[in-house]
Amino acid sequence: MKALVSFFMVLSSLFYAPQRPLPKVFSGERTDIIQQQLKQQAATAFQAQVLPATEQEWTQRRRQLKTAILQSTGAVEDHKLPLQVKETGRTQLTGYHIRNILFQTRPGVFATANLYIPDGKGPFPAVINMHGHWKDARIGEMVQATAHSLALNGYVCLNIDAWGAGERTTTEGVAEYHGANLGASLMNTGNTLLGMQLTDNMRGVDLLCSLPEVDKARIGATGASGGGNQTMWLAAMDERIKAAVPVVSVGTFESYIMNSNCVCELVPDGLTYMEESGVLAMVAPRALKICNALNDASKSFYPSEMLRSYKQAAPIYELLHAGDKLSYQLFNTVHGYWPEIREAMIGWMDLQLKHIGTGAPKKEPAFNLLPAAQLLTFPNGRRDTSVITTAAWCSRQGQLLHQTLLEENINVDEKRKALQQLLRINENSTLKQAHRYSPQEGWERVALETTDGSLIPLLLRAPRSKEKGYVVVTHPGGKDSIPAALITELTEAGNGIVLADLWGCGEQSSVSATATDGSQPPYHTLARSALWLGSTVQGRWVSDLRIITDYLKMVNGDVRIVLNGSREAGVASLFFAALNGTAAQVTLNGGPLSYRFDERMGIDYFSMAIHVPGLLQWGDLSLAAALSGKDVVFKMPVTMSGRPVTGAALQAQQEEFFQLRKRCKQPGQSIFQ
């Protein structure tokens, strides 16, 4: 116990020790360059995504989009997988009954749900109803109300708990946010939270199609907020959905950039090949009614943003002779699925799925909401182990992928190439010029301007002799988070020192992104925005390190360069070395030894900058260390949840690092301190 306390005391002093502020490279007010760059990239991406003008071209484009979306999200179509529906309870109400169920969505993975089924002779039209970020998930007031209203109007309704929500949270009965680092951890295994939801919802349609009470030719989809987002994706990807009503959720993907959205609304690389208008157009010629709120607080769902997507999707509907199947309606409400919106949805569903009425709003019948306990699939804390949580999934997938790494044949060149692709590194970003400013407090002040318009601020001290070379020190909190003790140690050893603010760090940070993050983990906004635009924080940091080391070589010739990075910045330093970057040695302070998920508690130990989609499918940090061919020092290593790696666990990791170096036939060694 004393050793553990000592570990965290040292760790705390390493990362958060109060110290005298370092000189600033820039003076006065700074422009938020990152915000401007990302917004400009998003605007360019929006304008570049012009939809085809002929039916033949659109047919081909739609097919390409579906393939790309499946690949980007990790969603799986498996309609032959047995549903294995289990009913755990039933409630009879006036005119309909409710079944509490679970059903299989992936092999060995079950979703919790409720089926609302009208009395009388079917088959009935059906609607899958998906919820957003409401505390009680499928049982929440607005979600439950939508289901009651649909059932009373003669529709079978499936209310499904979204992945990681409702009865599918880490701890049974304890609500949690399914996004941020928890949901983002899915990406490291090659999945996404959006893809997990999409898979669940396609299986929900499979379930509806299997019911004798349902007319499988008349199935609709609806939901609000995050549930509206799911509605759009499901309708675009599953042609069995004949009518869709996404509520307070449609905007533009451009508007997601630098705004506050959940990772359940993230498609890695999405803006490199599509805009939201293209996804809406994928629903054509099937019916689509978009409902937005005039007083929505989210910039991503402003009516003005929705109209931009609507206007771009409309020509595809006209092209397919289905102009009357696309519509929108604005409501004088705030964010939510309010009674007037539900009434509009019911009237429109009647027209599209029952072919009755004019599509005008239909008065909502009276009903009573049921207490949560009456609708739970597993009351009294008896959840089945087949209900897999995000933590359990990530842990299981991590172990399976890790076993593959230990057994596969490794081609060093192919692995380096694959890593570069995973990190999404922009090789076109190079040093344009170096801006040198007057020294302060013994530090040279330099800003490296890149060809993509970034400025990398550096504080430098020359080495006592050229043989000592330079140590490039980085920290995700910026230069001011670098411990004074480390700077003193390097100075006394005679090393040259470079204190660098990487992309999004310190003086290269985005004030707008930090404000948008709010209570979310650091880099929440930047990580999501970068991924939408086809890059990663880790990849941007690797690019910055390349430019910094190139500059040092240009100025000093063939000088020795050591990289010393803390936490996530240390991981980027290792990736840089693995890609044959100029580094004689790499030191990681308090960094992870593996990307494998270990436990839910502490999941926010690292920031959102850590995640690299598909990293565990590629390998792990043990492979990156082997590919570096250099000495790699791990000081006070931890797990992904921040637990110290010691004892037998550390010995096992040491053996793995050793064996991978041996298999890759690369020089150097991994050292653990």
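**Fold, cysteines and backbone of a predicted model**

The protein chain holds 21 helices and 18 strands, where helices (H or I, at least four residues) and strands (E, at least two) are DSSP runs numbered from the N terminus. This is a predicted model, in which local features need pLDDT of at least 70 and side-chain atom pairs count only at pLDDT 80 or more, while totals for chains, interfaces and linings use all residues. Residues are numbered from 1 along each chain as its sequence is written, and side-chain values use heavy atoms, with hydrogens and water left out.

Student: What radius of gyration does the protein chain have, and which value would a compact globule have?

Tutor: The radius is taken over C-alpha atoms, and the globule rule is 2.2 Å times the number of residues to the power 0.38. For 673 residues the rule gives a value near 26 Å, which agrees with the 27 Å of the protein chain. The values asked for are thus 27 Å for the chain and near 26 Å for the globule.

Student: What share of the residues of the protein chain counts as buried?

Tutor: Buried means under 20% relative accessible area, exposed over 50%, and partly exposed in between (1.4 Å probe, protein chains only). Of the 673 residues, the share that counts as buried is 61%.

Student: How many disulfides does a search of the whole structure find?

Tutor: A disulfide is a pair of cysteine sulfur atoms within 2.5 Å. The sulfur of Cys209 cannot form such a bond because the closest cysteine sulfur, in Cys157, is 15 Å away. Cys264 is in no disulfide either, with the nearest cysteine sulfur, that of Cys262, 3.4 Å away. The number found in the whole structure is zero.

Student: Is Cys264 buried or exposed?

Tutor: The relative accessibility of Cys264 is 2%. Cys264 therefore counts as buried.

Student: Which residue does a cis peptide bond join to Ala284?

Tutor: Most peptide bonds are trans. The bond in question has an omega of about 5°. The partner lies in the loop between α8 (276-281) and β8 (287-293). The residue joined to Ala284 is Pro285.

Student: Where is Met258 found, and what is its phi?

Tutor: Most residues other than glycine have a negative phi. Met258, at 2% relative accessibility, counts as buried. Met258 is found in the loop between β7 (241-247) and α8, and its phi is positive, at about 70°.
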